[in-house]
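Grab a viewer and work through these exercises one at a time. Try each task yourself before reading its solution.

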Amino acid sequence: MSVETSRALVLEQFGTLPRLVERPVPKPRPGHTLVRMLASQVAHLDLNVMDGKFGILPDLPAVPGTNGSGVVLASDIHPEGTLVRVNGKGLGLRGDGCWADHALAPDAAVTPVPAGTDPALACSFFSPAGTAWAAVHSVAAVQPGERVLVTGAAGAVGSLTVQVAARAGAEVIGVVGRAAKLDHVPAAAKAVLATEMSTEAVGGPVDVVVDTVGGPVLRDTLPLVRPRGRVALVGYTAGRELTVDLADFLLADVSLLPVNLMTRGREVAADAERLLTELTAGELSLPIERFGPDRLSEAVERLRQGTVVGRAVLDLA
Ligand SMILES: NC(=O)c1ccc[n+]([C@@H]2O[C@H](COP(=O)([O-])OP(=O)(O)OC[C@H]3O[C@@H](n4cnc5c(N)ncnc54)[C@H](OP(=O)(O)O)[C@@H]3O)[C@@H](O)[C@H]2O)c1
């Protein structure tokens, strides 16, 4: 790679895949940090942006990628060479994101991470760790001894939610959609297949559901929750809609609560960073699958099919 040019995945039209091109390295400017990217997540949010199906979209052409990590090349506030993660402040949403060798990120979107952190972990821990923490503690307020059912339990958010809920003293049931994923549910949970989900199969009513899947999976979990129980909704990959019979809803007396990391990110940041230390130490686990930028289409396809185990990360090193 020459000093002046840099590889970037550029989206030219919504509903298509970005093209890998060479383009000039972004010019440093005040209020922004130039980062040599080392790794970048391919997440459902990025797919929604690529599909033109998110509430905030960039003008095209644009580089997608809402979460990345790399090394500071030029900045007014971060020393050169600092390992950082970059996300937020509209990165990959209102303008160019992280699917490139270089990203020019607003200073406020750049956060140092401990030196020596695996760049793939650095770019991918915050969303699942922050969301898992927010779901278990801030939203569902899980108490020791409660029974918590987590859907998508082999996914990035789901597997960390299982681990965080178990540490909160809960008895955890991890639900997966495919038999091949049963073995990927963290050992802290009893693993159950979604098609076999019943009050009996999960060992009786649960106090809390953390649903990372949505659609029919969310619908099927509701009858498993005890009256006055809580359902924390994290994601809707399997479907954006839920039809509720209001009479049944009142009778069931179960609260459906949204988990929104965008509004809670600051609140859970310290907890997510503590979880990073434990992930690095191997005390918690977050599965990661790595793809070269020339294998973006494979990463996107596998993510759409739901066959990625954990986080999909572009290796840009
Ligand atoms: N609310 C927030 O602030 C917030 C923050 C972070 C993430 N999220 C959302 O939370 C969800 C989970 O995120 P994640 O990073 O854990 O994703 P992930 O690792 O890809 O896990 C998603 C799981 O959903 C299941 N699934 C069911 N139907 C699917 C389909 N049609 N396509 C793909 N997956 C399907 C899969 O599990 P099975 O094979 O077991 O069915 C998959 O493991 C995503 O929708 C993401 O956008 C929300």
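**Exercise 1.** Is His 102 buried or exposed?

*Solution.* Keep in mind that this is a predicted model. Start by finding the residue: His 102 sits in strand 6, which covers residues 102-106. Next, check its relative accessible area, which comes to 5%. The cut-off for buried is under 20%, so His 102 counts as buried. Then look for a polar partner: the side chain of His 102 pairs with that of Ser 6 in a polar contact of 2.9 Å. For a sense of scale, try Arg 219: it is 117 residues from His 102 in sequence, and their C-alpha atoms are 43 Å apart in space.

**Exercise 2.** Work out where Thr 66 sits and what its side chain pairs with.

*Solution.* Step one is the location: Thr 66 belongs to the loop between helix 1 (44-50) and strand 4 (67-74). Step two is the burial: its relative accessibility is 4%, so Thr 66 counts as buried despite being in a loop. Step three is the polar contacts. The Thr 66 side chain makes one with the side chain of Asp 46, at 2.8 Å, and another with the side chain of Asn 67, at 3.3 Å. Finally, list the neighbours, skipping anything up to four places away in sequence: Thr 66 touches residues including Leu 45, Asp 46, Val 86, Leu 91 and Cys 98.

**Exercise 3.** Which residues have the most contacts inside the largest nonpolar core?

*Solution.* Begin with the core itself, a set of 45 residues. Inside it, Phe 125, Val 142, Val 148, Val 172 and Leu 279 have the most contacts. Now ask which elements build it. Those giving two or more residues include helix 2 (119-124), helix 3 (126-139), strand 8 (147-151) and helix 7 (261-280). Helix 3 supplies the largest share, eight residues. Then bring in the domains: at least three residues of this core come from each of domain 1 (5-125 + 286-315) and domain 2 (136-261).

Zoom in on Phe 125 next. Leaving out neighbours within four places in sequence, its contacts are Arg 85, Gly 130, Ala 272, Glu 273, Leu 276, Leu 279 and Leu 286. One last item to tick off is a second, separate core of 30 residues, with Val 21, Leu 91, Ala 100 and Leu 296 among them.

**Exercise 4.** How many residues of domain 1 are in contact with domain 2?

*Solution.* Take the bounds from the domain assignment: domain 1 is 5-125 + 286-315, and domain 2 is 136-261. Measuring between centres over C-alpha atoms, you get 30 Å. Then count across the boundary: 12 residues of domain 1 are in contact with 11 residues of domain 2.

**Exercise 5.** Describe how the protein surrounds the ligand.

*Solution.* First, the shell: 25 residues lie around the ligand, and Gly 177, Arg 178, Val 259, Leu 261 and Arg 311 come nearest. Second, go through the short polar distances to ligand oxygen atoms:

- His 44, through a side-chain N or O atom: 2.8 Å.
- Val 157, through a backbone N or O atom: 2.8 Å.
- Arg 178, through a side-chain N or O atom: 2.7 Å.

Third, consider the area. On its own the ligand exposes 890 Å², and the protein buries 85% of that. Last, the elements: helix 3, helix 4 and helix 8 (296-305) each give two or more residues to the shell.

Key
Residues are numbered from 1 along each chain as its sequence is written. This is a predicted model: local features need pLDDT of at least 70, side-chain atom pairs count only at pLDDT 80 or more; totals for chains, interfaces and linings use all residues. Side-chain values use heavy atoms; hydrogens and water are left out. A nonpolar core is a set of buried Ala, Val, Leu, Ile, Met, Phe, Trp, Tyr and Cys residues joined through side-chain atoms within 4.5 Å. Buried means under 20% relative accessible area, exposed over 50%, partly exposed in between (1.4 Å probe, protein chains only). Domain bounds come from an automatic or database domain assignment. Contact means heavy atoms within 4.5 Å. A residue is near a molecule or strand if one of its heavy atoms lies within 4 Å of it. A polar contact is a pair of N or O atoms within 3.5 Å; within protein, one must be able to donate a hydrogen and the other to accept it, and residues adjacent in sequence count only if both atoms are side-chain atoms. Accessible areas come from the Shrake-Rupley method with a 1.4 Å probe; for residues, only the protein chains shown count as cover.
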